[in-house]
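Colleague: Please take one part of this chain and go through it closely. I would like the strand pairing, the turns and the burial in one connected account.

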Amino acid sequence: LKESGEALTVKIKGANSGVLISEINEIKAFLPVSQLSSQHYPRIERGDQNKILAELKKFVGQELTIKIIDLNPRAEKLIISEKEAVEENTKELISKYKVNNVVDVMVSGIADFGAFVRFIDNPVIEGLIHISELDYRLIDSPKEIVKIDEAVKAKIIEIKDGKVFLSLKALKPNPWENVAEKFKESQEISGAVYKFSPFGAYISLGDDLYGLIHVSEFGSLEELKKQLEIGKQYDFIISSLKPEEKRIILKLKQ
């Protein structure tokens, strides 16, 4: 079975930390969590092992289609993979889509770095919307934009090595397109402090546009935080405007 690459169906009989347990011809077989298909992979924030184990236990009694990927009689090791069994079919399905296609997807998981989405017309296909592709405004968590099981439209921006990457913000008006008409260098503007970062403070200028005032303007991050307060409005001067780099550099008006 291993040499032929033939897929077979097995019943899950148990679950331990990071692995599912089955049997093939009365030989114990192990399915590591990393070898689950994207459809079954547990999306647990911060990798909480107890929560992952709880999700794995839900598979006990279920049948999964797998392939044998490692067999070592001397070490009494038999490793199986669901991911290998479905990957070939998934790649064939993905080949029907092209970059710039707009597709209907459902949010299947949320991580710190983005949101996993499943194609509604082909649920076996799962893609990723990186946090930077969720919205033009700055966000700290994907949960500010999407929630689990929410249906949304997304644009395919890359297909690579059997993986699909999508964007929500590509379907939204780009606030940077006309920024050169709205702002000029040396212009005086007002904005509210949105958040601090190790290299300065982001200032909300409205219409999902943000400027950055660098920490060097204050000498230290501590001094910056003494002079600026989150949510408070201040007057600034635009010292550098680079729309092509999506960058507005500010100085505090004296």
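Modeller: This is a predicted model, and I will take strand β3, residues 19-24, as the part to examine. For context, the protein chain holds 4 helices and 16 strands. Its C-alpha trace spans about 80 × 40 × 30 Å along the principal axes. The radius of gyration is 25 Å, where a compact globule of 254 residues would have one near 18 Å. Of those 254 residues, 39% count as buried.

Strand β3 itself is mostly covered, with 5 of its 6 residues buried. Buried here means under 20% relative accessible area.

Strand β3 has pairing partners in β2 and β4. Strand β2, residues 14-16, pairs with β3 in the antiparallel sense over 3 bridges. Within that pairing, Ile 21 of β3 stands opposite Gly 14. The two strands form a hairpin with 2 residues between them, and Gly 18 in this turn has a positive phi of about 80°.

The other pairing is with β4, residues 27-32, again antiparallel, and it runs over 6 bridges. Here Glu 23 has Lys 28 in β4 as its bridge partner. Strands β3 and β4 also form a hairpin with 2 residues between the strands. In that hairpin, Asn 25 takes a positive phi near 50°.

Taken together, β3 is antiparallel to β2 and to β4, and a turn residue with positive phi occurs in the hairpin with β2, at Gly 18, and in the hairpin with β4, at Asn 25.

Key: Residues are numbered from 1 along each chain as its sequence is written. This is a predicted model: local features need pLDDT of at least 70, side-chain atom pairs count only at pLDDT 80 or more; totals for chains, interfaces and linings use all residues. Side-chain values use heavy atoms; hydrogens and water are left out. The radius of gyration is taken over C-alpha atoms; the globule rule is 2.2 Å times the number of residues to the power 0.38. Buried means under 20% relative accessible area, exposed over 50%, partly exposed in between (1.4 Å probe, protein chains only). Two strands pair if DSSP finds at least two bridges between them.
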